[in-house]
Amino acid sequence: VRLPHAGCVAIQKDDAVAELMIRLSPVAGLRAPGLRYRYEDVISQPSLRDFAGRVIFVGLQKQGEDKFLVRGGEERFGMELHADTVNNLLSGINVRSLGGSGDFALTAAMAAFGAGLRVWRPYFALRWRLILIATVIAVYLALVVYAYQEFHILLNTVYHVGAFVLAYWTVGRLARRWSA
């Protein structure tokens, strides 16, 4: 860490940290009544049988502090992120990206598919070309969702779809220029 983390006092300059992609639980489930206890209430109980066989997190959670911005602009407390991390590990969920070479290969494949599609059907009417492009992108996005749900792989959809559309458009422009 080069600079102290503004949202977490536990992370300081020169700390060694690991990075993990977390599959987030619905925040309502993490904040449901009966899942959170005050530390004082827990240690004052004569028996801790209510907590047997559970994973217990002890930590500080204060409004305005220890909050992190996650997808969709949602704010989560650090303890909620820790709970999701442990839940991911216990469930065997390991969210990961394809990596540089895999991402490059898929980007190149999408570009080749876009170019090949334009060569295969070069003279469709504009409406049919747009429908074809939208259908290919919809199928691709469905496969992205499937890859995430089944294999916990995050794909870089912006590059892949961009490569497909750019190659499709470029081959069309080149074909028009060469045929004129």
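How much area does the chain expose, and what share of it do carbon and sulfur atoms supply? In this predicted model, the chain exposes about 13100 Å², and carbon and sulfur atoms supply 63% of that area.

**Figure 1. Overall view of the predicted chain, with its helices and strands**. The secondary structure comes to six helices and four strands, and from the N terminus on these elements follow the order α-α-β-β-α-β-α-α-β-α. The radius of gyration of the chain is 24 Å, well over the 16 Å that the globule rule gives for 180 residues, so the chain is more spread out than a compact globule. Along its principal axes, the C-alpha trace spans about 85 × 35 × 25 Å. Of the 180 residues in the chain, 25% are buried. When contacts between residues at least 6 apart in sequence are considered, 60% of them join residues at least 24 apart. The side chains include 20 positive and 14 negative ones, and the centres of these two sets lie 17 Å apart.

**Figure 2. Close-up of the hairpin formed by strands S1 and S2**. Strand S1, which comprises residues 67-70, pairs with strand S2, residues 74-77, in the antiparallel sense over four bridges. Three residues lie between the two strands of the hairpin, and in this turn Gly 72 has a positive phi of about 70°. The two faces of S1 differ in their cover: Phe 68 and Val 70 make up the covered face, whereas Lys 67 and Leu 69 make up the uncovered one. Both residues of the covered face can be followed across to S2, since the bridge partner of Phe 68 is Arg 76, while Val 70 stands opposite Glu 74.

**Figure 3. Close-up of Gln 61 and Gln 63 in the loop between helix H2 and strand S1**. Gln 61 lies in the loop between H2 and S1 and is partly exposed, with a relative accessible area of 32%. Not counting residues up to four places away in sequence, Gln 61 touches Arg 36, Phe 77 and Met 79. Gln 61 and Met 79, one of these contacts, are 18 residues apart in sequence, and their C-alpha atoms are 7.3 Å apart in space. Gln 63 has its place in the loop between H2 and S1, and with a relative accessible area of 64% Gln 63 is exposed. From Gln 63 to Phe 77 the separation is 14 residues in sequence and 8.8 Å in space, C-alpha to C-alpha. Phe 77 thus appears in this view both as a contact of Gln 61 and as the far end of the C-alpha distance from Gln 63.

**Figure 4. Close-up of Lys 62, with its C-alpha distance to Val 144**. Lys 62 is found in the loop between helix H2, residues 39-43, and strand S1, and at 40% relative accessibility Lys 62 counts as partly exposed. The C-alpha atoms of Lys 62 and Val 144 are separated by 37 Å, and the two residues are 82 residues apart along the chain.

**Figure 5. Close-up of Ala 10 and Asp 14 in the segment before helix H1**. Ala 10 lies in the segment before H1 and counts as exposed at 60% relative accessibility. The C-alpha atoms of Ala 10 and Pro 46 are separated by 32 Å, with the two residues 36 residues apart along the chain. Asp 14 is found in the segment before H1, a helix that comprises residues 27-30. Asp 14 has a positive phi of about 70° although it is not a glycine, and Asp 14 is exposed, with a relative accessible area of 64%.

**Figure 6. Close-up of His 152 in the loop between helix H5 and strand S4**. His 152 has its place in the loop between H5, residues 126-151, and S4, residues 153-154. The phi of His 152 is near 60°, a positive value in a residue other than glycine. At 13% relative accessibility His 152 counts as buried, because buried means under 20% relative accessible area.

Conventions. Residues are numbered from 1 along each chain as its sequence is written. This is a predicted model: local features need pLDDT of at least 70, side-chain atom pairs count only at pLDDT 80 or more; totals for chains, interfaces and linings use all residues. Side-chain values use heavy atoms; hydrogens and water are left out. Buried means under 20% relative accessible area, exposed over 50%, partly exposed in between (1.4 Å probe, protein chains only). Two strands pair if DSSP finds at least two bridges between them. The radius of gyration is taken over C-alpha atoms; the globule rule is 2.2 Å times the number of residues to the power 0.38. Contact means heavy atoms within 4.5 Å. Accessible areas come from the Shrake-Rupley method with a 1.4 Å probe; for residues, only the protein chains shown count as cover. Lys and Arg count as positive and Asp and Glu as negative; His and the chain ends are not counted. The place of a charge is taken as NZ of Lys, CZ of Arg, CG of Asp or CD of Glu.
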